[in-house]
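Grab a pencil and work through a few exercises on the model shown here. Try each task yourself before you read its solution.

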Amino acid sequence: MSTQSLAGGLVDGFGRMATDLRVSLTDRCNLRCTYCMPEEGLDWLAKPELLTGEEISRLVRIAVTRLGVTEVRFTGGEPLLRREILDIVSEAAALDPRPTLSVTTNGIGLARIAGALVTAGLDRVNVSLDTLDPVRFKAMTRRDRHADVLAGLAAAVDAGLGPVKVNTVLMRGVNDDEAPALLAWCLERGYELRFIEQMPLDAQHGWDRAEMITAGEILESLRAEFRLDAEDARGSNPAERWLVDGGPGTVGVIASVTRPFCGACDRTRLTADGQIRNCLFAREESDLRSALRGGAGDAEIAERWRAAMRTKKAGAGIDAPTFLQPDRPMSAIGG
Ligand code: SAM
Ligand code: SF4
């Protein structure tokens, strides 16, 4: 629990307190991962709809200094496409109390900017990589950029952003045979691998429960080659972790569909156009951009944010027959 009093923090009706803020810097992307976006891309948000760098920094400041947020992760879309990222990170790093700052990126362009991100105050980075095979990478992302991602990963470690986490989504018949090879490759390089179950958040609505690779299947394929020992309870960390072959290396699995962690969720989300979402799967959003641009003061914005979080549902229920996919895809919400 943060030192923020419950009354001042982002507390919902079930007593959960959100201290981890995900900020989407843009809905745009330079890849077209098949489980995320259609080949032709999406109708991107128009520039006037996007929060400016200053507006983002102001909201991050309100979250950290008034609402008890202790961790801020910048995501998207592809966050490295946003030119103001260095300013946004350095403003956040100057806050008191200083939040932990991280970025989730597809790794393209990371080789160029990793050092500057560290100088700005970034603490950690998660890089998404689904395959070790450049041909498969091209098929999965519809872009021939595998080498850029590998270069980005190596540069992140050199810049001091380690331990770097690698996020992997497995798709049946596409890359589901690669789990052990990816783990061996990550262990060799000191990257922390985490598999993410594919979720119904793609713009094309192509997700199929029967087709997704479950955490159970991932663990079974890893256990054919490694000894896995469960680590301690995961708390609010969505990744369940296992020590690999006695450690120190670990592997994580984020089983959002088959083993949801909603009961311990500590997240609040800000979209690139200034909407608060109290859950990745929420069907409602609360508009902070209008308040910002209408001249609201910090106290009023903080109160609107608290109100948005109060109505957070107990769980997302992805595996329930009644589940409805949110209107916006993952790339627009901020994954
Ligand atoms: N573009 C950046 C990247 O790919 O890391 C940040 C945004 S992306 C939406 C964040 C994470 O969400 C990535 O690790 C990606 O693999 C994952 N992701 C995207 N669509 C997903 C889906 N339908 N199910 C599960 N994970 C997904
Ligand atoms: Fe872009 Fe990330 Fe979506 Fe891939 S998962 S299309 S890299 S936003």
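What follows is a set of short exercises, each with a worked solution.

Before you start, some ground rules: this is a predicted model, where local features need pLDDT of at least 70, side-chain atom pairs count only at pLDDT 80 or more, and totals for chains, interfaces and linings use all residues. Residues are numbered from 1 along each chain as its sequence is written, chains are lettered from A and ligands numbered from 1 in the order in which they are written, and side-chain values use heavy atoms, with hydrogens and water left out.

**Exercise 1. Find the strand order of the open sheet of 12 strands, and say which strands stand at the edges.**

Step one: know your terms. Helices (H or I, at least four residues) and strands (E, at least two) are DSSP runs, numbered from the N terminus. Two strands pair if DSSP finds at least two bridges between them.

Step two: read across the sheet. The order is S9-S10-S11-S8-S7-S6-S5-S4-S3-S12-S13-S14, and the pairing is mixed.

Step three: look at the ends. S9 (228-230) and S14 (286-287) each have a single partner strand, so one side of each has no neighbour in the sheet.

**Exercise 2. Work out in which sense S7 and S8 pair, then do the S9, S10 and S11 stretch.**

Start with S7 (residues 165-169) and S8 (residues 192-196): they're parallel, with 5 bridges. Lys 165 sits opposite Glu 192 in S8.

Now move to S9 and S10, which pair antiparallel over 3 bridges. Here Ala 230 has Trp 242 in S10 as its bridge partner.

Finally, S10 and S11 also run antiparallel, joined by 5 bridges, and Glu 240 is partnered with Val 253 in S11. These two strands make a hairpin with 5 residues between them.

**Exercise 3. Place helices H1 and H2 against the sheet.**

First, H1 (residues 53-66) lies across S3 (20-26), S4 (71-76) and S12 (267-270), running at about 175 degrees to S3. Next, H2 (residues 85-93) packs on the sheet and touches S3, S4 and S5 (100-105), making about 155 degrees with the direction of S5.

What do those words mean? Contact means heavy atoms within 4.5 Å. Axes are lines fitted to C-alpha atoms, for helices over the stretch in contact, and angles run from 0 to 180 degrees between N-to-C directions.

**Exercise 4. Hunt for unusual backbone geometry.**

Keep the background in mind: most residues other than glycine have a negative phi, and most peptide bonds are trans.

Check the peptide bonds. Asp 96 and Pro 97 are joined by a cis bond with omega about 5 degrees, and Pro 97 is in the loop between H2 and S5. Gly 162 to Pro 163 is cis too, with omega near -5 degrees.

Then check phi. His 205 has a positive value of about 55 degrees, in the loop between S8 and H7 (215-223). Asp 245, in the turn of the S10 and S11 hairpin, has a positive phi of about 45 degrees.

**Exercise 5. Which residues are around ligand 2, and how do they divide?**

List them: Cys 29, Leu 31, Cys 33, Cys 36, Gly 77 and Asn 106. To be near, a residue needs a heavy atom within 4 Å.

Sort them: 4 are nonpolar, 2 polar and none charged. Ala, Val, Leu, Ile, Met, Phe, Trp, Tyr, Cys and Pro count as nonpolar, Asp, Glu, Lys and Arg as charged, and the others, Gly among them, as polar.
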